[in-house]
Amino acid sequence: NYDTLSTKTCQYSVKLLKKQDQCRAAYTCSHLFWKPQVESHMNDGRVLECLQRSLKLADHCMLAHQFPLFVEILNKYLYHFDQENEKVTSVFLTKLLDLVNTNISADADAPSEESAATRVFYENTIAYIRAKRQKERRYADITI
């Protein structure tokens, strides 16, 4: 049964050793519950659960790992927003952007190659949102 398998996968994802791996597994599990090709595999509530769990896990990671995780999670939220998941709203995206902007300053204290790559990734994400705001009305509600 697909539902049992996907639920068990999510449960096992929190048993990984590193918090950052748990976080990445949690947001990746959101794809198990959102398959637009298969109508029966579109559970918007479970998707939001996975994404929110990944945010909680990222919040418990060491400061050095938080900024990259938050940017990755932002991109997963954007993916589900693009896929028109009704539970992933512009309000969530705006709050997450605020959280990432807050963590950017904390990340500036310890610059590294990974940090620089994450900043480029974040800037590209912002550019993507701006481009989408010009084309699609529902992106206009996202405050950058």
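**Stop 1: S6.** Start by selecting S6, which you will find in helix α1, residues 2-13. This is a predicted model, so colour it by confidence while you are here. Is S6 buried or exposed? With a relative accessible area of 2%, S6 is buried. Now show its surroundings: leaving aside residues up to four places away in sequence, S6 touches L32 and F33.

**Stop 2: the confidence colours.** Zoom out to the protein chain, where the mean pLDDT is 90 and 96% of the residues reach 70 or more. Select helix α2 (residues 19-29) for the highest confidence, at 95, and then helix α5 (residues 90-107) for the lowest, at a mean of 88. A general tip for the tour: where pLDDT is low, predicted coordinates should not be read in detail.

**Stop 3: E72 and R24.** Next come the salt bridges; a search of the whole structure finds 6 of them. Pick E72 and R24 and display their side chains, which meet in a salt bridge at 2.9 Å, N to O. Which parts does this pair tie together? E72 belongs to helix α4 (residues 63-82) and R24 to helix α2, so the bridge joins parts that are 48 residues apart in sequence. Switch on the surface and compare the two partners: E72 is buried, at 17% relative accessible area, whereas R24 is partly exposed, at 28%.

**Stop 4: helix α3.** Move to helix α3 (residues 44-59) and select E49 and R46, which sit 3 residues apart, about one helical turn. Their side chains meet in a salt bridge of 3.5 Å, N to O. Both partners are partly exposed: E49 has a relative accessible area of 38%, and R46 has 21%. Add R53 to your selection as well, and you have a network of salt bridges linking R46, E49 and R53.

**Stop 5: K132 and E136.** Now select K132 together with E136, whose side chains form a salt bridge at 2.9 Å, N to O. How accessible is each partner? K132 counts as buried, at 19% relative accessibility, because the cut-off for buried is under 20%. E136 is partly exposed, with a relative accessible area of 26%.

**Stop 6: R137.** Finish with R137, in the segment after α6 (113-135). R137 counts as exposed, at 65% relative accessibility. For a last look, draw a line between the C-alpha atoms of R137 and S115: they are 22 residues apart in sequence and 32 Å apart in space.

Conventions:
Residues numbered from 1 in each chain as written. Predicted model: local features only at pLDDT ≥ 70, side-chain atom pairs only at ≥ 80, totals over all residues. Heavy atoms only, no water. Helix = DSSP H or I, 4+ residues; strand = E, 2+ residues; numbered from the N terminus. Buried < 20%, exposed > 50% of the residue type's maximum accessible area, 1.4 Å probe, protein only. Contact = heavy atoms within 4.5 Å. pLDDT = per-residue confidence, 0-100. Salt bridge = Lys/Arg side-chain N within 4 Å of Asp/Glu carboxyl O.
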